[in-house]
Amino acid sequence: MLMCLKFVIFILTSNKQKEHIEGIMRNQSFDVIEPYISEVFEKPSTPPMPIIGVHTRHHEDTVNLIKTFYLRFPQFRWFTFRDLRGLSHEEFANAISECFLTVWVDRESGYGTFPLESMKSGVPVIGIVPELVPSWMNEDNGLWINNKTIIVDVLADFIQNWLEDNLNPELFDRMNMTVDSLPTKESFEQTTINLFTELFEKRI
């Protein structure tokens with residue numbers, strides 16, 4: 001969330017954010033600019049490897065997830081987990097494209113660009129539903145759960161279906177539909193220019 005305090009304008013990333021915050025901060029002005037997902041995120045030309053990308057807000061969540069999974073499902077120890085935090089933009093995009101699945105744990109997220117970056121890379125996501133549900137999230141474009149304790153079970157079930165080539169193709173169709181509905185680079189830039197032009201004109 002960006003705050004333009006000089007103009008007393010709050011710039012948010014979704015209409016759901018706007019509705020939620022308007023109910024808390026009355027007598028304030030809000031505008032929405034939905035994020036643009038960079039073109040560096042693209043579907044790979046080679047098959048994915050048995051790598052699970054993990055993106056969490058807190059490092060201990062990543063460690064606990066990996067430990068719990070290997071303890072409960074030792075038969076899948078040949079699958080590799082990759083912590084996706086702390087990478088450069090290009091490294092991050094390349095790392096996602098090498099995965100066959102990503103896991104997202106961030107209840108405090110206000111929009112959630114990581115799942116969208118995964119979808120744009122053609123990689124399904126298992127994620128914890130954040131407290132403020134993003135407008136792009138629906139029951140068909142990912143594996144979304146509310147209970148963090150069952151995430152390893154959902155993960156193991158997905159792996160088994162992946163190994164048996166038994167994934168529902170509708171999941172990938174819904175991922176593509178979600179990505180196609182996002183702002184393009186051009187529309188994102190034009191929306192941003194229009195908004196700040198309007199703000200400056202009001203200020204003058």
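This section describes the parallel sheet, the nonpolar core and the salt bridges of a predicted model. Residues are numbered from 1 along each chain as its sequence is written, and side-chain values use heavy atoms, with hydrogens and water left out. Because the model is predicted, local features need pLDDT of at least 70 and side-chain atom pairs count only at pLDDT 80 or more, whereas totals for chains, interfaces and linings use all residues.

Secondary structure follows DSSP runs, with helices (H or I) of at least four residues and strands (E) of at least two, numbered from the N terminus. Five strands form an open sheet with parallel pairing, in the order β5-β4-β6-β7-β8; two strands are taken as paired if DSSP finds at least two bridges between them. Strands β5 (80-83) and β8 (143-145) are the edges, each pairing on one side only. On average, neighbouring strands of this sheet are turned by 20 degrees against each other, direction ignored. Axes here are lines fitted to C-alpha atoms, for helices over the stretch in contact, and angles run from 0 to 180 degrees between N-to-C directions. Five bridges join β4 (residues 51-56) to β6 (residues 101-105) in the parallel sense, and Ile52 stands opposite Leu101 in β6. Helix α2 (residues 59-72) lies across β4, β5 and β6 and runs at about 175 degrees to β5.

The largest nonpolar core (buried Ala, Val, Leu, Ile, Met, Phe, Trp, Tyr and Cys residues joined through side-chain atoms within 4.5 Å) has 47 residues. Those with the most contacts inside this core are Ile52, Phe69, Trp136, Trp144, Ile151, Leu155 and Ile159. Helix α5 (residues 151-163) gives the most to the core, with seven residues. Contacts, defined by heavy atoms within 4.5 Å, link Ile52 to residues including Phe79, Phe81, Cys99, Phe100, Leu101, Val103, Leu155 and Ile159, when residues up to four places away in sequence are not counted.

Burial is assigned by relative accessible area: under 20% is buried, over 50% exposed and in between partly exposed (1.4 Å probe, protein chains only). In helix α3 (residues 89-97), Phe92, Ala93, Ala95, Ile96 and Ser97 are buried. The cover over the buried residues of α3 includes β4, β5 and α4.

Eight salt bridges are counted, each requiring a side-chain nitrogen of Lys or Arg within 4 Å of a carboxyl oxygen of Asp or Glu. Glu39 pairs with Lys120, the closest N and O atoms being 3.4 Å apart. Glu39 lies in the loop between β3 (29-32) and β4 and Lys120 in helix α4 (residues 113-120), so this pair ties together parts that are 81 residues apart in sequence. Glu39 is exposed, at 52% relative accessible area, whereas Lys120 is buried, at 16%.

In a further salt bridge, Arg72 meets Asp153 with the closest N and O atoms 3.1 Å apart. Arg72 belongs to helix α2 and Asp153 to helix α5, so parts that are 81 residues apart in sequence are tied together. Both residues are partly exposed, Arg72 at 41% relative accessible area and Asp153 at 32%.

Glu108 and Arg57 form a salt bridge with an N to O distance of 3.8 Å. Glu108 is in the loop between β6 and α4 and Arg57 in the loop between β4 and α2, 51 residues apart. Glu108 is exposed, at 53% relative accessibility, and Arg57 is partly exposed, with a relative accessible area of 39%. Arg57, Asp106 and Glu108 are linked in a network of salt bridges.
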